[in-house]
Amino acid sequence: MKHTLPKLPYDYNELEPFFDAKTMEIHHTKHHQTYVDKLNATLEKYPELQEKEVSDLMREINQIPKEINMAVRNHGGGHINHSFFWEILSPTEQEIGGEISDAINETFGSFEEFKKKFSDSAMSRFGSGWAWLVVNAELELKIISTSNQDSPLMEGNNPILGIDVWEHAYYLKYQNKRADYIAAFFNIINWKKVNELYEEIVG
Ligand code: MN
């Protein structure tokens, strides 16, 4: 099985003015494509690992042979994180609703408090990485952050929302202003998808 670049569920310009078309195109066709290509190259001599879904490679990262472990972590993580990211973005502004809305209010006190904590997590990630809203093994909502392309699945956390805070995700439009990029992100979250993911996990 060769890993492939997924198609986006919208056009590159549809997230304007929040995410610009040029950044979206480069992010998808260059950055994400490179993770896919390097993951395939890494697995070339490991036919048994080629059969596995990338989510399973991440969950079983500790069983991946030492000589390719870091490459699978970086490129497999890069592939799954970006595939996830595209899915939780929406070209039309959405109101949060459903079970995830109640769960956020119960866990964080209010939506505004959640937004603040999530944004703080994304702001304080030093260097490159991601901030996430995950459902942990105890089915609790948690805000976590990961470095580089580490996937939340490596620690048994299921992501339901995430933001890429690598500079390549925002530098063209926002330069060093990561806070503005994070604020923009909140206008294009696909809450319907986030709620679906949440309901699937908590049953
Ligand atoms: Mn990225």
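Is the crossing of α6 and α8 right-handed or left-handed? In this predicted model, the crossing of these two helices is right-handed. Their axes cross at roughly 140° and come within 10 Å. From α6, the contact draws on Phe118, Ser119, Ala122 and Met123. From α8, Arg178, Ala179, Ile182 and Phe185 take part. By class, these residues divide into six nonpolar, one polar and one charged.

Two serines of α6 can be followed further. Ser119 lies in this helix. At 17% relative accessibility, Ser119 counts as buried, because the cut-off for burial is under 20%. Beyond its neighbours within four places in sequence, Ser119 is in contact with Ile182 and Phe186. Ile182 also belongs to the α8 side of the helix contact. Ser121 is likewise found in α6. Its relative accessible area is 14%, so Ser121 is buried. Leaving out residues up to four places away in sequence, Ser121 touches Ala131, Ile143, Ile144 and Ser145. Of these partners, Ala131 falls within the span of β1, residues 129-135. Ile143, Ile144 and Ser145 fall within that of β2, residues 141-147.

A second helix pair is formed by α1, residues 21-42, and α4, residues 66-87. Two packed helices are described by the angle between their axes and the distance between the axes. Here the angle is about 145° and the axes are 9 Å apart. The crossing of α1 past α4 is left-handed. On the α1 side, the contact is made by Met24, His27, His28, His32, Tyr35, Val36, Lys38, Leu39 and Thr42. The α4 side includes Ile68, Ala71, Val72, Asn74, His75 and Gly76. Gly78, His79, His82, Ser83, Phe85 and Trp86 of α4 also take part. The residues of this contact divide into nine nonpolar, eleven polar and one charged.

Glu67 is placed in α4 as well. With a relative accessible area of 59%, Glu67 is exposed. Glu67 and Thr42 are 25 residues apart in sequence. In space, their C-alpha atoms are 9.9 Å apart.

The same two helices also supply donors to a metal site. Four protein residues bind the manganese ion: His27 (NE2), His82 (NE2), Asp164 (OD) and His168 (NE2). These donors lie 2.0 to 2.1 Å from the ion. Their spacing in sequence is H-x54-H-x81-D-x3-H. His27 in α1 and His82 in α4 link distant parts of the chain, 55 residues apart. His27 and His82 are also among the residues through which α1 meets α4. Both histidines are buried. For His27, relative accessibility is 1%, so this donor counts as buried. For His82, the relative accessible area is 0%, and this residue is buried too.

Helix α5 covers residues 99-108. Its buried residues are Ile100, Ser101, Ala103, Ile104 and Phe108. Why do they share a side of α5? They cover an arc of only 165° around the axis, which puts them on the same side of the helix. An α-helix has 3.6 residues a turn, so residues three or four places apart point the same way. The buried residues of α5 pack against two helices and three strands: α6 (111-124), α9 (191-202), β1 (129-135), β2 (141-147) and β3 (158-164). Just after α5, Gly109 takes a positive phi of about 100°.

Some further backbone features stand apart from the helix contacts. The peptide bond from Glu16 to Pro17 is cis, with omega near 0°. Pro17 is found in the segment before α1. Asn148 is not a glycine, yet has a positive phi of about 50°. Its place is in the loop between β2 and β3. At 40% relative accessibility, Asn148 counts as partly exposed. Gln175 also has a positive phi, near 50°, and is a residue other than glycine. Gln175 lies in the loop between α7 (171-174) and α8 (178-185). Its relative accessible area is 29%, so Gln175 is partly exposed.

Terms used. Residues are numbered from 1 along each chain as its sequence is written. This is a predicted model: local features need pLDDT of at least 70, side-chain atom pairs count only at pLDDT 80 or more; totals for chains, interfaces and linings use all residues. Side-chain values use heavy atoms; hydrogens and water are left out. Axes are lines fitted to C-alpha atoms, for helices over the stretch in contact, and angles run from 0 to 180 degrees between N-to-C directions. Helices (H or I, at least four residues) and strands (E, at least two) are DSSP runs, numbered from the N terminus. A crossing is left-handed if the near helix is turned anticlockwise from the far one by less than a right angle, and right-handed if clockwise. Contact means heavy atoms within 4.5 Å. Ala, Val, Leu, Ile, Met, Phe, Trp, Tyr, Cys and Pro count as nonpolar, Asp, Glu, Lys and Arg as charged, and the others, Gly among them, as polar. Donors are N, O and S atoms within 2.8 Å of the metal (3.2 Å for Na, K and Ca); water is not among the atoms, so sites may look incomplete. Buried means under 20% relative accessible area, exposed over 50%, partly exposed in between (1.4 Å probe, protein chains only). The arc is that of the directions from the helix axis to the C-beta atoms.
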